[in-house]
Amino acid sequence: MAGPDPLSPLVLDVRRLPRRAGSMSTVTRSAPAPADLGVAMARVPEGSPVDLDLRLESVLEGVLVTGTADVTVSAECSRCLDPFDWHEEFDLTELYRYPATDARGAIVAEPEERSEEHTSELQSHHDRMPSSA
């Protein structure tokens, strides 16, 4: 799976944010809405402004982003199919985790979570083992 487009105005460059817990910066910008921002009956029109007022804070686990996004939503009534628009302000809180690193700071692969199938296989194997009496 490809990562986010680094040139997108909705992607924030946090390289200048110190990796020291408590360091903070603010971002205020307006970016054009992407084509897929919405659901079947309501969406933010592609290219309409997404006004962002964000706070980026270094925490131990990564970068905590909080703030608001102001958008205009266009929808269609599901009963009469009449179009209508409204302004919406969303509160945002998202933690972007730093990748796992070793003692030297090199990125390491995080262990995969065990699937339910694997867990049930282990349980099945355990149930077949003879018990010690």
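In this predicted model, strands β3 and β4 (residues 62-76) run antiparallel to each other and are paired over nine bridges. The connection between β3 and β4 is a hairpin of two residues, and Ser58 is placed opposite Val63 of β4 in this pairing. Strand β3, which covers residues 49-59, also pairs with β1 (residues 24-32), again in the antiparallel sense and over nine bridges. In that pairing Met24 stands opposite Glu57 of β3.

**Overall layout and confidence**

The protein contains five strands and one helix, and the order of these elements, read from the N terminus, is β-β-β-β-β-α. Of its 133 residues, 17% are buried, and the accessible surface amounts to about 10700 Å², with 54% of this belonging to carbon and sulfur atoms. When contacts between residues at least 6 apart in sequence are considered, 44% of them join residues at least 24 apart.

The mean pLDDT of the protein is 82, with 80% of the residues reaching 70 or more. Confidence is highest in β3, at 95, and lowest in helix α1 (residues 116-128), where the mean is 47. The pLDDT is below 50 over residues 118-133, a stretch that has two contacts in the model beyond near neighbours in sequence. Where pLDDT is low, predicted coordinates should not be read in detail.

**The nonpolar core**

The largest nonpolar core is made of 14 residues, and those with the most contacts inside it are Val50, Leu52, Leu54, Leu56, Val63, Val65 and Val71. Strands β3 and β4 each supply at least two residues of this core, and the largest share, five residues, comes from β4.

Two of the residues named above can be followed outward from the core. Val65 touches Leu54, Arg55 and Leu56, and also Leu92, Thr93, Glu94 and Tyr96, when residues up to four places away in sequence are not counted. Val71, found in strand β4, is in contact with Val44, Pro49, Val50, Trp86, His87, Glu88 and Phe90, once its neighbours within four places in sequence are left aside. The C-alpha atoms of Val71 and Glu89 are separated by 6.4 Å, although these residues are 18 residues apart along the chain. Val71 counts as buried because its relative accessibility is 5%, against a cut-off of under 20%.

**Four residues compared by accessibility**

The table places Val71 beside three further residues, each with its location and its relative accessibility.

| Residue | Location | Relative accessibility | Class |
|---|---|---|---|
| Ser58 | strand β3 | 1% | buried |
| Val71 | strand β4 | 5% | buried |
| Thr68 | strand β4 | 17% | buried |
| Glu61 | loop between β3 and β4 | 41% | partly exposed |

Ser58, which is buried with a relative accessible area of 1%, has a polar atom of its side chain 2.5 Å from the backbone oxygen of Pro18. Beyond its neighbours within four places in sequence, Ser58 is in contact with Leu17, Pro18, Arg19, Arg20, Ala21, Gly22, Ser23 and Tyr98.

Thr68 lies in strand β4, and with a relative accessible area of 17% this residue is buried, since the class takes in values under 20%. Leaving aside neighbours within four places in sequence, the contacts of Thr68 are with Asp51, Leu52, Asp53 and Leu54, and with Glu89, Phe90, Asp91 and Leu92.

Glu61 sits in the loop between β3 and β4 and is partly exposed because its relative accessibility of 41% falls between the cut-offs of 20% and 50%. Apart from neighbours within four places in sequence, Glu61 is in contact with Leu95, Tyr96, Arg97 and Tyr98. Its C-alpha atom is separated by 9.9 Å from that of Arg19, and the two residues are 42 residues apart along the chain.

**A backbone angle in a loop**

Another loop, between β4 and β5 (83-97), holds Leu81. The phi of Leu81 is near 65°, which is a positive value in a residue other than glycine. Most residues other than glycine have a negative phi.

Technical notes
Residues numbered from 1 in each chain as written. Heavy atoms only, no water. Pairing = 2+ DSSP bridges. Helix = DSSP H or I, 4+ residues; strand = E, 2+ residues; numbered from the N terminus. Core = buried A, V, L, I, M, F, W, Y, C linked by side-chain atoms within 4.5 Å. Buried < 20%, exposed > 50% of the residue type's maximum accessible area, 1.4 Å probe, protein only. Contact = heavy atoms within 4.5 Å. Polar contact = N/O pair within 3.5 Å; in protein donor to acceptor, adjacent residues only side chain to side chain. pLDDT = per-residue confidence, 0-100. Areas by Shrake-Rupley, 256 points an atom, 1.4 Å probe, with all protein chains shown as cover.
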